[in-house]
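Okay, thanks everyone. I've got one structure to walk you through today, so let me put it up and then we'll go round it together.

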Amino acid sequence: MLSIIVAIANKNVIGKDNALIWHLPEDLKRFKQITTGKTIIMGRRTFESLGRVLPNRKHIVLCNDMEMNIDNENVEVLKDIKDLDKYINSSEENFIIGGATIYRLLMPYANKMYITKINQDFDGDAFFPEIKEEEWEIAATEKGTRDEQNPFDYDYITYVRK
Ligand SMILES: NC(=O)c1ccc[n+]([C@@H]2O[C@H](COP(=O)([O-])OP(=O)(O)OC[C@H]3O[C@@H](n4cnc5c(N)ncnc54)[C@H](OP(=O)(O)O)[C@@H]3O)[C@@H](O)[C@H]2O)c1
């Protein structure tokens with residue numbers, strides 16, 4: 001199965017200039033907890049924005065460039081979303097980690113979404129698709145810890161497909 005994990009600010013903003021806009025270490029910690037040991041699926045631009053291969057996770061990087069190859073045993077480059085079938089049909093939970101293009105492309109195949117909703121305006125150029133009420137229901141919510149290092153009002157919201 002596929003699950004989405006994403007941090008979304010007001011007006012569905014998720015990034016700017018191929019980077020995250022906010023620094024929210026509590027959310028990064030949660031991302032690590034949820035995705036460690038799992039397969040993470042991303043677009044080429046998000047892979048580049050990570051700047052490194054994340055430890056203890058298999059990376060699937062989608063890209064259209066037939067020449068593209070990443071020489072790392074934990075990274076597989078796929079050129080066609082049909083090659084994701086085994087991850088979609090697997091009983092294991094595999095994670096779509098962005099960015100905007102890949103969320104839009106793969107949202108129809110996802111059954112669960114782990115959303116960190118940051119209740120603040122940011123100027124951005126990358127956006128999460130609309131979450132349609134008729135397709136998704138909220139399964140859990142939890143208030144994020146707000147402190148000096150995490151100076152935002154934010155909530156963890158888990159959605160499941162209806
Ligand atoms: N807030 C969050 O939680 C979060 C998480 C992740 C990312 N982000 C943000 O999202 C932004 C990046 O999003 P983005 O839309 O620009 O880039 P992206 O979704 O990360 O990657 C797009 C790339 O994926 C490849 N691709 C797209 N469709 C494909 C297909 N059908 N088959 C094969 N490959 C395909 C293409 O690579 P090629 O061009 O190489 O062909 C395309 O340029 C950044 O600002 C980043 O910080 C935010």
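**Two loops, one pocket, one ligand**

Let me begin in the loop between E2 and H1, because that's where aspartate 17 sits, and aspartate 17 is exposed. Before I go on: this is a predicted model, so please hear every value with that in mind.

So what's odd about the backbone of aspartate 17? Its phi is positive, about 50 degrees, although the residue is not a glycine. As for surroundings, aspartate 17 has a relative accessible area of 59%, and it counts as exposed because the cut-off for that is over 50%.

There's another residue of this kind. Asparagine 56, also something other than glycine, has a positive phi near 60 degrees. You'll find asparagine 56 in the loop between H2 and strand E4, which runs 58-62. Buried or exposed, then? Asparagine 56 is exposed, at 59% relative accessibility.

Okay, on to the pocket. The largest pocket comes out at a volume of about 1300 Å³. Its lining takes in 47 residues, and the ones nearest the centre are Thr46, Ser49, Ile97, Gly98 and Gly99. If you go by elements, two or more lining residues come from each of strand E1 (2-8), strand E2 (13-15), helix H1 (25-35), helix H2 (44-50) and helix H4 (100-106). Which element gives the most to the lining? That's H1, with six residues. For those of you thinking about chemistry, the lining divides into 24 nonpolar, eleven polar and twelve charged residues.

Now keep your eye on two of those central residues, Gly98 and Gly99. The peptide bond joining glycine 98 and glycine 99 is cis, with omega about 0 degrees. Glycine 99 belongs to the loop between strand E6 (94-96) and H4.

And glycine 99 comes back when we look at the ligand: a polar backbone atom of glycine 99 is 3.0 Å from a ligand oxygen. Two other backbone contacts to mention: isoleucine 102 has a backbone N or O atom 3.3 Å from an oxygen atom of the ligand, and for leucine 20 the corresponding distance is 3.5 Å. On its own the ligand has 940 Å² of accessible area, and the protein covers 84% of that.

How many residues surround the ligand in total? There are 27, with Arg44, Arg45, Thr46, Asn64 and Thr101 the closest. You'll recognise Thr46 from the list of residues nearest the pocket centre.

That's my tour, happy to go back to any part of it.

Conventions. Residues numbered from 1 in each chain as written. Predicted model: local features only at pLDDT ≥ 70, side-chain atom pairs only at ≥ 80, totals over all residues. Heavy atoms only, no water. 1 Å grid on protein atoms, 1.4 Å probe; cavity = no way out; pocket = protein on both sides within 12 Å on 5 of 7 lines; lining within 4 Å. Points joined across faces, edges and corners; volume = space filled by probe spheres on them. Helix = DSSP H or I, 4+ residues; strand = E, 2+ residues; numbered from the N terminus. Nonpolar A, V, L, I, M, F, W, Y, C, P; charged D, E, K, R; others polar. Buried < 20%, exposed > 50% of the residue type's maximum accessible area, 1.4 Å probe, protein only. Near = heavy atom within 4 Å. Polar contact = N/O pair within 3.5 Å; in protein donor to acceptor, adjacent residues only side chain to side chain. Areas by Shrake-Rupley, 256 points an atom, 1.4 Å probe, with all protein chains shown as cover.
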